[in-house]
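Please open the structure in a viewer and keep the selection tool at hand. The tour below proceeds stop by stop, naming what to select and what is found there.

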Amino acid sequence: MGAERKSMLLTDKEKKNTAYHEAGHALVAAKLPNSDPLHKVTIIPRGMALGVTMQLPETDQHSYSSNYLETRLAILMGGRIAEEMFLNEITTGAGNDIERATEMARKMVCEWGMSALGPLTFGKKEEQIFLGREINQHRDFSEETAMKIDQEVRRLIDDSYKRAQDIIEKNRDGLIRMAEALLERETLDGAEIKLILEGKDLPPLPPPSAPADNTQQVLKPEHGRAPQIAPGERPSPA
């Protein structure tokens, strides 16, 4: 999930926004079929993200069905919907989700033939060898087709948004419990998320461990002897 960014300090409001956002992703992922199992959800900043919802496939995947991709679109919309529904505001936290969902929906239409336009590809890719193999896309379709492509991309996103919204509305209490648990524990695993959605109590948190005592005990010389030094410990310079 990436290294923790312990230097990033979030305000209470940002933590709450992140908790509800990630709970939205996790809830939709837990309730939809064709979804990879939930592994962990955290509101600890990692990499460029303020929080992360991680799913792990049960087997290696080399191709994806349209049902699986539509589920992925709905999961990506879950965070934005949770912010709107429970916090009555929209933040920039969903920016990457929206970008990924739009890119995936456009590939479904233009590259993979997964739309009402049928088994066709739109846009011919050309490699510019002398520009570091940069790939440009050449438009090989009409304005009318471009409008239909935009309509299909919009339809896929809207359908996924409505699908995720219905799930969250039917499971409001579960999402609130999950967000509150994230604010308390910061990280939840798949088993804990399952307990929350079943309305069961989570096991108590382990008691905080006592801070390690790093102070060194100074021994007074006895009978003219120097302080004893533990094996492997270097004496401090006088």
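The model on display is predicted. The tour begins in a helix and ends at a pocket.

**First stop: K148 and E144**

Select K148, which is partly exposed, with a relative accessible area of 39%. Add E144 to the selection; this residue counts as exposed, at 54% relative accessibility. The two form a salt bridge in which the closest N and O atoms are 3.8 Å apart. Both residues belong to helix α4, which covers residues 143–170, and they lie 4 residues apart, about one turn of the helix. Side chains of opposite charge can pair when their charged atoms come close.

**Second stop: R154 and D158**

Within helix α4, select R154 and D158, which are 4 residues apart and therefore separated by about one helical turn. Their side chains meet in a salt bridge of 3.5 Å, N to O. Is R154 buried or exposed? At 53% relative accessibility, R154 counts as exposed. D158, at 36%, counts as partly exposed.

**Third stop: K162 and D166**

Next, select K162 and D166, again in helix α4 and 4 residues apart, about one helical turn. The closest N and O atoms of their salt bridge are 3.0 Å apart. K162 counts as partly exposed at 45% relative accessibility, and D166 is partly exposed with a relative accessible area of 26%.

**Fourth stop: a network**

Now select E152, R155 and D159 together. These residues are linked in a network of salt bridges. How many salt bridges does a search of the whole structure find? The search finds 11.

**Fifth stop: the largest pocket**

Leave the salt bridges and turn to the largest pocket, whose volume is about 610 Å³. To centre the view there, select H21, E22, G51, G93 and D97, which are the closest to the pocket centre of the 24 residues that line it. Then colour the elements that each give two or more residues to this lining: α1 (12–31), β2 (52–55), α2 (66–87) and α3 (95–110). Which element gives the most to the lining? It is α1, with 6 residues.

Finally, colour the lining of the largest pocket by residue type. Its residues divide into 7 nonpolar, 11 polar and 6 charged.

How values were computed:
Residues numbered from 1 in each chain as written. Predicted model: local features only at pLDDT ≥ 70, side-chain atom pairs only at ≥ 80, totals over all residues. Heavy atoms only, no water. 1 Å grid on protein atoms, 1.4 Å probe; cavity = no way out; pocket = protein on both sides within 12 Å on 5 of 7 lines; lining within 4 Å. Points joined across faces, edges and corners; volume = space filled by probe spheres on them. Nonpolar A, V, L, I, M, F, W, Y, C, P; charged D, E, K, R; others polar. Salt bridge = Lys/Arg side-chain N within 4 Å of Asp/Glu carboxyl O. Buried < 20%, exposed > 50% of the residue type's maximum accessible area, 1.4 Å probe, protein only.
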